[in-house]
Amino acid sequence: MWKRRAKAILINAELILVSIIVLIPVIWIVMSSFNKGQNLSTASFIPKELTLSNYTQLFKETEFGSWFFNSLSVATLNALISVILILLTAWIVSRFKFKGKKTGLLTLLVLSMFPSFLSMTAVYTLFIVFELVNKPIALVILYAAGAIPYNVWLVKGYIDGIPSSLDEAAYIDGSSKLNTFVRIIVPMSTPIIVYCAVSQFMMPWMDYIIPNLLLTGNKNKTVAVGLYSMISNDQNANFTLFAAGAVLVAVPITIMYLLFQKFLVQGIVAGASKE
Amino acid sequence: MILFLLQLIFVGTEIFSGYLLEALSGQITHFSFRLHGGFFTKGIWGLITLGEKEGGKNGDHSTMLLITGIIAVMVLLVVMGIYLFNIRDAYKTGKLLDETGHCPTTKEYFKNTYSKFFAYVILIPIVIYIMFIVIMPIIFAILTAFTNYNTNHLPPGNLISWVGFSNFKKLFQIPIWSSTFFSVLRWTVVWAVLATFTTYFFGMFQAILLNSKYTKCKTLYRGIMILPWAIPQLISLLVFRNFLNGQFGPVSKFLMDIGLTDHRIAFLADPFIAKITILVVNLWLGFPMFMIMIQGILSNIDKSLYEAAEIDGGGGFKIFRFITLPLVLRATAPLIVMNLAGNFNGFGIIYFLTNGGPVNSSYQFAGDTDILISWIYKLTLEQKLYDMAAVMNIMIFILIAVVSIWNFRRTQAFKEV
């Protein structure tokens, strides 16, 4: 009995401790965003005075509004286009037999592991030729292409699991290929589609390297580049402003993550499940 | 010229036998050859020479030439592929004609092709898109390793030329390059292994505690601990960068206030402390993912296994060692390898926390906490030493690709192809 109680206390104490450690930075940044001072050294855990001035200043004095809009539009478009491309490719790869399927897919997967900074110089030149530099759509083109290799494997694995007798039945009833795809395959693979859509939606919010290279000019920035530029030059000066921006971005994304966590976990497991 | 003649003959035969589709594709290839007559020859010329006339506006732009060269070769290969395919197709229909004495009409043929090559029809645009955006840049990056494309040879002002393997030799023979490379590589490996295993085992530990029958309000704890996974990583990293700032940050101020130290601690500026800090921050960021995964696995383990073990007199630790651990390890092995590869190229955490710093003067353009990928970033974007960065890129790529393929071949998704 005594031993059991000690165990219970220890376990709960550890969990409380870890929870506190997890929460401290989170609470700190939220509190800082309501802080009256401007800089890092005066931002305190328990501000003497709470104020919303950082938030209003964020929209008045910086381009945060357009950064946010840029990120939002890139994220939405990216989710949409990526999902369509991934799903179509995965369906074809899963249901049709043709030469060079396995080799092609594997080559693509391996190539996609190539570190990307250097190839970015080539992409940059290509985009200059097509006059895509400085347009947020350029990001979508890159992200969607980058998403294909891994996700096609993932979704293909999922579609393989849908019994093909279903589509054969549809073909016998005179359904066309595309119709079968839309009516049978798409509804049956909703969980994995949600995973792809959500992960592709999240990604542009936090990618720094590519938008930093391709988009110049303050107005064209995405949120990630904008926030980083706030603290990279002088860490101390704009801190509370940064905190407000960070909170504004993090809150909706975090909520989305928590809402879709079931699908996200399923997606990660699907990519790594062993026999 | 020969190709053109072949195309002419080809088009002639196609029209003669009345295969509209082939004629169309034949004509298109023929047309593009004429239209871009200079494109392919110039592309290949550019790829081989990388330009001959140096300087400014009227000179040759080597990078441009390299890129158009790659595109030209890629297009040529595709056209050749289509061409071979057409010949085979014409041969097949011809054979069919000999056997049945019936010539399929265009409409029939079209329908046939549609159902047979439906897959190709949909895939070809996607493949072209990927070739341009993914494959062409990678080929460019690989080829750069064999040129002298660096800060001394920047187009359009200067020409780039092929230098063979001399960049690779430079990496291993010039002391400052090789010593930096091996030091950075050592820290990269140490970092990747430690980062993965600390998060993995801490995540497992938390998962086991959460699943314990003594734990109260499981959902609350889980909800809190899941936060680092849900909060966008870049935000967390930038917050930590400020949180742990040696000069102004609250943590070092707090430690001073409670009297633990009498001076500010440079969490991110001292070589050794910075490495520890990075690992600790990574633990904060990374453990929830493994915790969630392992919790899922734990709840799927057959309860009767534990009961049987208890009857056989196994203690808590023994049960963990011989039942829980092997089962969890087995189920998460691919995830561990994926995480290892991810950490090996974990650019974000290094770049946003310390920027690779503090700068180490005995290194070639690298700091103490730089891993290979962040070093490559500096070489590419700050130093403009594209040639050396490309060499390093290839090395990393080989390493990661071998490990990942080995790992991937063992997963479910691969076996079902």
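# Two helical chains and their contact

The C-alpha centres of domain 1 and domain 2 of chain A lie 33 Å apart. Those domains are residues 2-53 and residues 61-272 of chain A, respectively. The model is a predicted one.

## Chain A overall

Chain A has 13 helices and 0 strands. Along the sequence, its pattern reads α-α-α-α-α-α-α-α-α-α-α-α-α. The radius of gyration of chain A is 24 Å, whereas a compact globule of 275 residues would come near 19 Å. Along the principal axes, the C-alpha atoms of chain A fill a box of roughly 75 × 75 × 35 Å. Of the 275 residues in chain A, 44% count as buried. Take the contacts in chain A between residues at least 6 apart in sequence: 75% of them join residues at least 24 apart.

## Chain B overall

Chain B has 19 helices and 0 strands. Of its 417 residues, 36% count as buried. For contacts in chain B with a separation of 6 or more, 63% come from residues 24 or more positions apart.

The domain assignment splits chain B into domain 1 (2-164) and domain 2 (171-415). Where they meet, 10 residues of domain 1 of chain B contact 9 residues of domain 2 of chain B. The domain 1 side of that contact in chain B has 5 nonpolar, 5 polar and no charged residues.

An unreviewed UniProt entry marks "transmembrane region" at several places in chain B, including residues 64-85 and 272-294. The same record type, again unreviewed, puts "domain: ABC transmembrane type-1" on residues 185-407 of chain B. The table sets out how these spans look in the model.

| Span of chain B | Helix | Strand | Distance between end C-alpha atoms |
|---|---|---|---|
| Residues 64-85 | 100% helix | 0% strand | 31 Å |
| Residues 272-294 | 100% helix | 0% strand | 32 Å |
| Residues 185-407 | 74% helix | 0% strand | 21 Å |

## Where the chains meet

The contact between the chains takes 72 residues from chain A and 75 residues from chain B. On the chain A side, helix H1 (residues 2-33) gives the most, with 14 residues. By class, this side of chain A has 51 nonpolar, 14 polar and 7 charged residues.

## The nonpolar core

Which residues have the most contacts inside the largest nonpolar core? They are Ile86(A), Val155(A), Ala246(A) and Leu238(B), in a core of 165 residues. Helix H6 (residues 136-160) of chain A gives the most to this core, with 16 residues.

Val155(A) shows some of the local packing. Leaving out residues up to four places away in sequence, Val155(A) touches Ile86(A), Leu87(A), Ala90(A), Ser189(A), Ile192(A) and Cys196(A).

## Trp205(A)

Trp205(A) sits in helix H9 (residues 190-206) of chain A. Is Trp205(A) buried or exposed? Trp205(A) counts as buried, because it has 22 C-beta neighbours inside 10 Å and the cut-off for buried is 20 or more.

The contacts of Trp205(A) reach both chains. Setting aside neighbours within four places in sequence, they are Ser71(A), Ala75(A), Val223(A), Ala224(A), Val249(A), Ile253(A) and Pro232(B). Trp205(A) and Asn70(A) are 135 residues apart in sequence, yet their C-alpha atoms are 9.5 Å apart in space.

## The loop before helix H6

Two residues with positive phi lie between helices H5 and H6 of chain A. Glu131(A) lies in this loop, which follows helix H5 (117-129). Its phi is positive at about 55°, although Glu131(A) is not a glycine. Asn134(A) has its place in the loop between H5 and H6 of chain A too. Phi of Asn134(A) is near 75°, also a positive value in a residue other than glycine.

How do the two count for exposure? Glu131(A) counts as exposed because it has 9 C-beta neighbours inside 10 Å, and 12 or fewer is the cut-off for exposed. Asn134(A) has 14 C-beta neighbours inside 10 Å, so it counts as partly exposed.

Terms used. Residues are numbered from 1 along each chain as its sequence is written. Chains are lettered from A and ligands numbered from 1 in the order in which they are written. This is a predicted model: local features need pLDDT of at least 70, side-chain atom pairs count only at pLDDT 80 or more; totals for chains, interfaces and linings use all residues. Two residues are in contact if their C-beta atoms, placed from the backbone, lie within 7 Å. Helices (H or I, at least four residues) and strands (E, at least two) are DSSP runs, numbered from the N terminus. Ala, Val, Leu, Ile, Met, Phe, Trp, Tyr, Cys and Pro count as nonpolar, Asp, Glu, Lys and Arg as charged, and the others, Gly among them, as polar. Domain bounds come from an automatic or database domain assignment. UniProt positions are given in the numbering used here, feature names are shortened, and annotations may be inferred rather than shown by experiment. A nonpolar core is a set of buried Ala, Val, Leu, Ile, Met, Phe, Trp, Tyr and Cys residues joined through C-beta atoms within 7 Å. The radius of gyration is taken over C-alpha atoms; the globule rule is 2.2 Å times the number of residues to the power 0.38.
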